[in-house]
Amino acid sequence: MSTPEYIAEINRATELIEQKQSRQSAFNLSLLKGLKIDYQKELNEDQLDAVTTISGPVLVIAGAGSGKTRVIVYRVAYLLEKGIDPQNILLLTFTRKAAEEMIARAEDLLGDKKAQNITGGTFHSFASSLLRRYSRLLGIAPNFTIIDQGDSDEIIDMMIGRTGAEDDGFPKKTQIREIITKSKNKNSSIRETVYGEFPKLIKYAEKIYAVSQQYDKYKMQNSLMDFDDLITNLRDYLRNNRWFLKAVQQKFSFIMVDEFQDTNAVQKDIVDLIGGWHQNIMVVGDDAQSIYAFRGANLENILVFPRDYPDCRVVKIEQNYRSSQKILEFTNSIIAKAVMGFKKKLYSVTIGEGSPQTKSFSSPEEEAEFIAAKIEELKHGIPCEEIAVLYRAGFHNQHLQIELLRRNIPFVVYGGLKFNERRHVRDFLSYLRVLHNSLDVIAWNRILRLIPGIGSKTADKIINHIKQHQGRIDFSPFEGSLFHSDLLILKEALESAHAEPVSRQIDVLKKYYVPILRRLERNHKTRSRDLDVIHNIGHSYSSDLDSFLSDLTMDPPGDAFRNKKSPVIDRNQEDAVILSTVHSAKGLEWDTVFVIHLLEGLFPSAQSLKSLFDIEEERRLFYVACTRAKKILFLTYPERFYTYREILNKPCRFLETE
C-alpha cells in the first residue's frame, strides 16, 4: 500500500469518530444517585461521559492538559462505587508510579482501601506477574531473571563472537539489539526489519538473524527474559494456551489503558486478547502526542480503535486546564496541519501572558545568552523549577549549560543516564540477582570479575561449575588460587543475606560491596548514595525480592536520582531550571517554556526529513513541547548552526502557522 493510500485508509477510520459522536445518546443522570462522590460537580460534561460509561468498549481522546489522569482516577472510583470487584479491574499505564498514584487518589476519594486490590502497573510488570503466577501452567521457570538493555548488549556481544559474525562492517551490539526490539514490537521478522528499516545492513541480514537466534536460545537456556520477551511471551501464551487465556479473561473483566497512542502492536494484541471476551475496555490517549515510534509505538492503534470495536463509545475531551488560550490557538494551528489524526480543537478559560514569542539570533551563543538573561529576569517572579528549556536532542543544550554556569543559575538536566544504567548500581544489583536466581549467568559474570585476579575465562570456569551443581555455591575446586579467599568472603556474604528481608539483604551486601566500590571509584562516597536509594526502595518490599528486582529493572527511579554532571550548583537548592529533551518532558508542565534550536535539521531532525511519517512525528513532538507551557512560551533559533557536513539556516517549518 502506498503512503497516500495508507493515509486515506487511516483518515476514513478516524472519520468514524464524528459519525459515532453524532449518534451517541445522552448520559442518564439517574445513575449518579446514592453515590459518595458528586461526579457531576467534580467533572466537566465530557469527563463525566468518559467516567460513567463502563459497559462495552470506550475510546477517550483526551487532549493535552485536559485532565486525562483525573478521568481515570474518577472512573476507578466509579467502578468501585458501582460494585465492581477491584480484583476484576486491570489498569495499564506506562510507569508504575502513574498507576500507583491513580489508585491512591481513588482511595482518597472513596475513603477506603478497596482500590488497593486493583491490578495496576506497566505492560511489562503485568506480564512479569502473570508469567510467574501461571508458570506451572505455562511450563516455564517461575524465578526467571529479567534482563535490561545492558545485559542484552553483553549477551549479544557474546553471540556475535560465537556465530563468527565479527568483521569491520558488522553492526555493533546496540544496533543488533535495536533490530531485535523493532522486530518484536512491530510483529515483523528480523529479515523484514533489516530490509525495511536498515537497508545499509542488508548484506548482513542472515548473520544478524543467526545472532538473534543464538540470543534467544541463550536466554531460554539460562531462564532470562528481556523486556520484549515479557510482552511477546505473554501475548503468545494468551494466543496458544486456551486455559491460560480463559483464566486471565475471567479475572480481568474491566480494562483501562492509559496513553494508548504509545502502545505497540504486541501490547495492543494483549489488550484485544484479554478484553475480547467481555469487551469492557476503555483506552485513553491523544494521537497528537504519539512521539515514540522509534521504540515501536504504533499510532494506528488509537486511530483505528473505532473500526476494531464498531460498538465503541467515543468521548473527546477538549477543555484544557493547563495552558492559556493564546498558547492553545498556536498549538491548535500546529496540529491542524497533520496529515492524519482525530479532529480536535482545545480551548481554555485561562488568561495568559500573551501569544508565544518567536525569536531568532545570530548564533547559538547569542540564543543561549538571551535565554539565560530572560531566566534571570523571570526568576524574580516565579520559581526556577517552573521554568523549562526543551530541545530535540541532548547536544542542543551545550551552549546554554555554559551560559547558565557562567551566571550561576542552578539547573538540572533530564533525559540523561538512567539510574540503573550506572556501573556501580548494576554491580550491586547483580549480587541481589544471584540471591534470587543462583543460575543467573550474567549477574555471576559481573560480580566475579570484580574480584582481583578473575578475568572472563576464569569467571566462565566458576560459572560452569555452579551450573553443573544446579546453582549450589561451592568454590572448593578453586582452592589454592590467589582469589580463593575472596571467593569465600563472597560466599559468606551471599549466605548471610539469603533468608533475610529485602532491606536486610541490601544491608549485608552493601557492607560487602562498599570496600570494592572504594577500590574501584575515586568518587565512591557520591556513588554510595545510590546504594542508599536502593535500600530506601527495598524497605517497602518486605521479603519479596522477586518483585523488588522486577520493578527496579522495569521501572527504575527517575530523574530525581540521576547523577548530573552539570547539576544544581548549590546541592541543597531544589529550585532549579529544567533542561530536558522533549521526549523526557512528556506528561510534565511548567509556567514558562523555551523551545530552542528550531532549525530544519535540528528540530525537525535531519534523519526525519526524507519521510512523511517521520516529519509528522516531529510535528507531534513540537506540539508536545509547546503544550508543556502554562503561561509563557518562547520559540528560539540561531540564524546559522554549523555541523560537520553543512550549515543549517532554515527556520523550523512548524513555526509557519498560516
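This is a guided tour of a predicted model, stop by stop, with something to select at each one.

**Stop 1: the domains**

Start by colouring the chain by domain. Domain 1 takes in residues 3-132 and 236-317, and domain 2 covers 145-222. Domain 3 is also written in two pieces, 327-410 and 573-648, while domain 4 runs over 419-553. Keep domain 2 and domain 4 in distinct colours, as the next stops return to them.

**Stop 2: the largest nonpolar core**

Select Leu432, Trp444 and Phe548. These residues have the most contacts inside the largest nonpolar core, which has 67 residues. Now add helix 24, residues 502-520: this helix gives the core eight residues, the most of any contributor. The core draws on domain 2 (145-222) as well as domain 4 (419-553), with at least three residues from each.

Which residues does leucine 432 touch, not counting those up to four places away in sequence? Show its surroundings and you will find Gln505, Ile506, Leu509, Leu545, Phe548 and Leu549.

For a second, separate core, select Ile7, Ile61, Tyr134 and Ile281; they are among its 46 residues.

**Stop 3: where domain 2 meets domain 4**

Go back to your two domain colours. The C-alpha centres of domain 2 and domain 4 are 28 Å apart. Contacts between them involve 12 residues of domain 2 and 15 residues of domain 4. Together the two domains bury about 1,000 Å² between them, and carbon and sulfur atoms account for 41% of that area. On the domain 2 side, pick out Thr145, Ile146 and Asn222: they lose the most area to domain 4, together 46% of what that side buries.

How many salt bridges does the rule find across this interface of domain 2 and domain 4? There are five. One pair to display is aspartate 151 with arginine 426, whose side chains meet in a salt bridge at 3.1 Å, N to O. The interface also has seven residue pairs in polar contact, both residues being at pLDDT 80 or more. On the side of domain 2 that touches domain 4, strand 4 (145-146) and helix 8 (149-162) are the elements giving two or more residues. Helix 8 gives the most to that side, with six residues.

Next, select Asp148, Asp151, Glu154, Arg426, Asp427, Arg433, Asp440 and Arg446 as one group. A network of salt bridges links these residues.

**Stop 4: more charged pairs**

A search of the whole structure finds 53 salt bridges. Side chains of opposite charge can pair when their charged atoms come close. Here are three to look at.

- Select aspartate 308 and lysine 268. Their closest N and O atoms are 3.1 Å apart in a salt bridge. The pair links helix 16 (residues 305-308) with helix 14, across 40 residues of chain. Aspartate 308 is partly exposed at 31% relative accessibility, whereas lysine 268 is buried at 13%.
- Select arginine 423 and glutamate 521. This salt bridge brings its closest N and O atoms to 2.2 Å. Because arginine 423 lies in helix 20 (residues 423-436) and glutamate 521 in the loop between helix 24 and helix 25 (524-538), the pair ties together parts 98 residues apart in sequence. Arginine 423 is partly exposed, with a relative accessible area of 44%, while glutamate 521 is buried, with 13%.
- Select arginine 620 and glutamate 617. Their side chains form a salt bridge at 3.1 Å, N to O. They are three residues apart in helix 28 (residues 612-626), so about one helical turn separates them. Both arginine 620 and glutamate 617 are buried.

**Stop 5: two single residues**

Return to helix 14 (residues 265-275) and select leucine 273. Leaving out residues up to four places away in sequence, leucine 273 touches Arg235, Leu238, Arg239, Leu245 and Gln249. Its C-alpha is 8.1 Å from that of glutamine 249, a residue 24 places away in sequence.

Finally, move to asparagine 332 in helix 17 (residues 325-335). Is asparagine 332 buried or exposed? Asparagine 332 is buried, because its relative accessible area of 10% falls under the 20% limit. Beyond its neighbours within four places in sequence, asparagine 332 is in contact with Lys345 and Leu346. Draw a line from its side chain to the backbone oxygen of leucine 346, and the distance is 2.9 Å.

Terms used:
Residues numbered from 1 in each chain as written. Predicted model: local features only at pLDDT ≥ 70, side-chain atom pairs only at ≥ 80, totals over all residues. Heavy atoms only, no water. Core = buried A, V, L, I, M, F, W, Y, C linked by side-chain atoms within 4.5 Å. Buried < 20%, exposed > 50% of the residue type's maximum accessible area, 1.4 Å probe, protein only. Helix = DSSP H or I, 4+ residues; strand = E, 2+ residues; numbered from the N terminus. Domains from an automatic or database assignment. Contact = heavy atoms within 4.5 Å. Buried area = accessible area lost by both parts, 1.4 Å probe. Salt bridge = Lys/Arg side-chain N within 4 Å of Asp/Glu carboxyl O. Polar contact = N/O pair within 3.5 Å; in protein donor to acceptor, adjacent residues only side chain to side chain.
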